[in-house]
Amino acid sequence: MARFILIEASPWRLADGTVEAIRLAGGGARPYNHRGFNDWRAGVATDPLFVAALGFTVGGWTGGAVPQIAQLVFSPADSAYLAQLADDFLWIGASIEIRSGEDDLATPVYLMEMVGTVAAVAIKDGSLAITVTDLSKKLDDPVIKATFAGTGGIEGVAEAEGRAKRRTFGIVRNVEGFVLDKAANVYEFGDPAVALTSFL
């Protein structure tokens, strides 16, 4: 069987910020006309190896997982095209899709499909190295970004500094109240700037 690898990336053109589809391929046993496109550029050197891990700290397992990471190596015969990819596009954060399968069948079967984002790119030894992370990396970005300043009043005492201003929707039960101003016996159950309808 002839293994193939397909990479479809969507970096931004530095000149005008438009997204451009870049299609790279490697392996296989026939011309690249996969997925209805004929603009694949050969040169993907190896199958990507994805690595994921459980999160651990000095206190033990964090309860989360480290996102899958893989490095793709593209080594085209056309050095000018390699330079164009490196110099003309913004890659960091671009979406990328990776597929791999067997090419000997009348209809290729994808044995692996992954959607992720580009974390880093580098030119090394005449190749473009693209580091990819899966979409769980985006979960590192907190949904609630507003925090207490710890300067008094509705910004809370010093101990509240940096704590997220919680948002509450609908009926919520068993929510712990956090001290906002211990001298005045004031507790916080949500963002003080957003009124709650009632307490039961």
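Here are some notes on this predicted model, point by point.

1. **Overall layout.** The chain has one helix and 12 strands. Going along the sequence, the order reads β-β-β-β-β-β-α-β-β-β-β-β-β, with the helix α1 spanning 79-87. If you take the contacts between residues at least 6 apart in sequence, 49% of them join residues at least 24 apart.

2. **Burial and surface.** The chain has 200 residues, and 32% of them count as buried. The exposed area is about 12,200 Å², and 57% of that comes from carbon and sulfur atoms.

3. **The main core.** The largest nonpolar core holds 21 residues. If you want to look at its best-connected members, go to L24, L85, W91, I96 and I130, which have the most contacts inside it. Two or more residues each come from β1 (3-9), β3 (22-27), β6 (60-74), α1 (79-87), β8, β9 (109-124) and β10 (127-134). There is also a second, separate core of five residues, and F4, A25, Y32 and W40 are among them.

4. **Around I130.** What does I130 touch once its neighbours within four places in sequence are left aside? The list is A70, Q71, L72, W91, I96, V118, A120 and V121. Two of these partners, W91 and I96, turn up with I130 among the core residues that have the most contacts.

5. **A nonpolar patch on the surface.** L14, L90, I92 and V121 make a nonpolar surface patch of about 340 Å². I92 sits in the loop between β7 (89-90) and β8 (95-102). Its relative accessible area is 46%, so I92 falls in the partly exposed class. V121, another patch member, is also one of the residues in contact with I130, so keep both views open when you look at this region.6. **Salt bridges, and the pair E8 and R23.** The count of salt bridges comes to 11. One of them joins E8 and R23, with the closest N and O atoms 3.5 Å apart. E8 is in strand β1 and R23 in strand β3, and the two are 15 residues apart, linking distant parts of the chain. Are these two charged partners buried or exposed? Both E8 and R23 are buried.

7. **E20 and R13.** The side chains of E20 and R13 also form a salt bridge, at 2.5 Å from N to O. Here E20 is partly exposed, with a relative accessible area of 25%. R13 is partly exposed as well, at 24%.

8. **R163 and E188.** This salt bridge has its closest N and O atoms 3.2 Å apart. R163 lies in the loop between β10 and β11 while E188 is in strand β12, so the bridge ties together parts that are 25 residues apart in sequence. R163 counts as partly exposed at 23% relative accessibility, whereas E188 is buried at 2%. Elsewhere, salt bridges that share partners join E8, R23, R35, D39, E97 and R99 into one network.

9. **More on E188.** Strand β12 covers residues 186-188. Besides R163, the side chain of E188 has a polar atom 3.0 Å from the backbone nitrogen of G190. Not counting residues up to four places away in sequence, E188 touches F148, R163, R166, E176, G177, F178 and L180.

10. **K165, a buried lysine.** K165 is in the loop between β10 and β11 (178-181). Why does K165 count as buried? Its relative accessibility is 13%, and the cut-off for buried is under 20%. The side chain of K165 makes a polar contact of 2.9 Å with the side chain of E155. Leaving aside neighbours within four places in sequence, K165 is in contact with I144, A146, T147, F148, E155 and D191. F148 is on this list and also among the residues that E188 touches.

Technical notes
Residues are numbered from 1 along each chain as its sequence is written. This is a predicted model: local features need pLDDT of at least 70, side-chain atom pairs count only at pLDDT 80 or more; totals for chains, interfaces and linings use all residues. Side-chain values use heavy atoms; hydrogens and water are left out. Patches are made of residues with over 30% relative accessible area and no salt bridge: like charges are joined within 9 Å, nonpolar side chains (Val, Leu, Ile, Met, Phe, Trp, Tyr) within 5 Å. Accessible areas come from the Shrake-Rupley method with a 1.4 Å probe; for residues, only the protein chains shown count as cover. A salt bridge is a side-chain nitrogen of Lys or Arg within 4 Å of a carboxyl oxygen of Asp or Glu. Helices (H or I, at least four residues) and strands (E, at least two) are DSSP runs, numbered from the N terminus. Buried means under 20% relative accessible area, exposed over 50%, partly exposed in between (1.4 Å probe, protein chains only). A nonpolar core is a set of buried Ala, Val, Leu, Ile, Met, Phe, Trp, Tyr and Cys residues joined through side-chain atoms within 4.5 Å. Contact means heavy atoms within 4.5 Å. A polar contact is a pair of N or O atoms within 3.5 Å; within protein, one must be able to donate a hydrogen and the other to accept it, and residues adjacent in sequence count only if both atoms are side-chain atoms.
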